[in-house]
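Subject: Structure handover

Dear colleague,

Please find the structure below, with its sequence. My notes come after it.

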Amino acid sequence: RAEVAASPPKGVRADVRSGVVLRRGGKLTVPVKVTVPEGTEPGRYSVPVRFDVDGRTIEQRVEVRAFPRTGGPDLALGAKATSSGDETPDFPASAVTDGDMRSRWSSPPQDDAWVQVELPEAARIGKVVLTWQEAFASGYRVETSPDGRHWYTAAVVHDGRGGREEVRMDAPDTRYIRIQGVQRGTKFGYSLFSVEAYAVKE
């Protein structure tokens, strides 16, 4: 019989199932549910998780990040959009910010294709919302820039599944937002109906 315990820092909750049974020579997966209640200060938190069995203690850490709240209008709506390349003139980059969910941007079938948005003015961005057509990215980065020349990685997605995806971040002084493809989820290029951007609620 093994005991599992977590010691979350203030502002973070961790729920584990204790008193589990581990057979000698066997393997066991114990779920750990970590939640960050509303109102917790933004930042990175480390949660120690201890596993005690047969007088031995094994400790691992679960790393979580709390992001600031967002609010206000979609700052990308109507903004200028460009890309690394459009599949055809019928699917231009401008479609991701035109507010029309019947139009879309599509790229050639290249993993490293990208689309970017130039906001009207710099803002502290806390959330980007992407609405994919069937040709989605399974892996991509959200990059931000104050000037369109110097780029910073604000978020990395390794398990994209298409549809509507919300990507959290805390990216101050953002004027440009780029969705940088890494891995296509289909044999086609990437195709987005919209790119939305929301500021941190100060």
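The notes cover a three-stranded sheet, a cavity with the strands around it, and a few single residues.

This is a predicted model, in which local features need pLDDT of at least 70 and side-chain atom pairs count only at pLDDT 80 or more, while totals for chains, interfaces and linings use all residues. Residues are numbered from 1 along each chain as its sequence is written, and side-chain values use heavy atoms, with hydrogens and water left out.

The sheet

Strands here are DSSP runs of E with at least two residues, numbered from the N terminus; two of them pair if DSSP finds at least two bridges between them. In the order S1-S4-S5, three strands make up an open sheet with antiparallel pairing. Its edges are strand S1 (3-6) and strand S5 (56-66), each of which pairs on one side only. From one strand to the next the twist averages 20°, with axes taken as lines fitted to C-alpha atoms and angles running from 0 to 180 degrees between N-to-C directions.

S1 and S4 are antiparallel and joined by four bridges; glutamate 3 faces aspartate 52 of S4. Between S4 (residues 43-53) and S5 there are 11 bridges, again antiparallel. Aspartate 52 also stands opposite threonine 57 in S5, and glycine 43 has alanine 66 of S5 as its bridge partner. S4 and S5 form a hairpin with two residues between them, and aspartate 54 in this turn has a positive phi of about 55°.

The cavity

How many cavities of 30 Å³ or more are there? The count is one, and the volume of the largest cavity is about 50 Å³. The search used a 1 Å grid over the protein atoms alone, where a cavity is a set of points at which a 1.4 Å probe fits but cannot get out, and lining residues have an atom within 4 Å of a point. Grid points are joined across faces, edges and corners, and the volume is the space filled by probe spheres set on the points.

The lining of the largest cavity consists of Trp105, Ala113, Trp114, Val115, Trp132, Ala137, Tyr140, Ile179, Gln180, Gly181, Tyr190 and Leu192. Two or more of the lining residues come from each of strand S9 (114-132), strand S10 (137-145) and strand S12 (164-184). By type, the lining has 10 nonpolar residues, two polar and no charged. For that split, Ala, Val, Leu, Ile, Met, Phe, Trp, Tyr, Cys and Pro count as nonpolar, Asp, Glu, Lys and Arg as charged, and the others, Gly among them, as polar.

S12 pairs with S9 in the antiparallel sense over 12 bridges, with valine 129 opposite glutamate 166 in S12. S12 also pairs with S10, antiparallel over eight bridges; there threonine 144 stands opposite isoleucine 177. Aspartate 173 is in S12 too. Its phi is positive, near 55°, in a residue other than glycine. Most residues other than glycine have a negative phi.

Single residues

Proline 92 and alanine 93 are in the loop between S7 and S8, where strand S7 spans 80-83 and strand S8 spans 105-106. Is alanine 93 buried or exposed? Alanine 93 counts as buried because its relative accessibility is 4%, the class being under 20% relative accessible area, with exposed over 50% and partly exposed in between (1.4 Å probe, protein chains only). Proline 92, at 25%, is partly exposed.

Contact means heavy atoms within 4.5 Å. Leaving aside neighbours within four places in sequence, alanine 93 is in contact with Ala81, Thr82, Ser83, Asp86, Trp105 and Val115, and proline 92 with Asp86, Arg104 and Trp105. The C-alpha atoms of alanine 93 and serine 83 are 5.8 Å apart, at a separation of 10 residues along the chain. For proline 92 and valine 142, 50 residues apart in sequence, the C-alpha distance is 20 Å.

Threonine 35 is in strand S3 (residues 32-35) and is partly exposed at 27% relative accessibility. Outside the four places on either side in sequence, its contacts are Val12 and Arg13. Threonine 35 lies 31 residues from alanine 66 in sequence and 9.5 Å from it in space, C-alpha to C-alpha.

Regards

Conventions:
1 Å grid on protein atoms, 1.4 Å probe; cavity = no way out; pocket = protein on both sides within 12 Å on 5 of 7 lines; lining within 4 Å.
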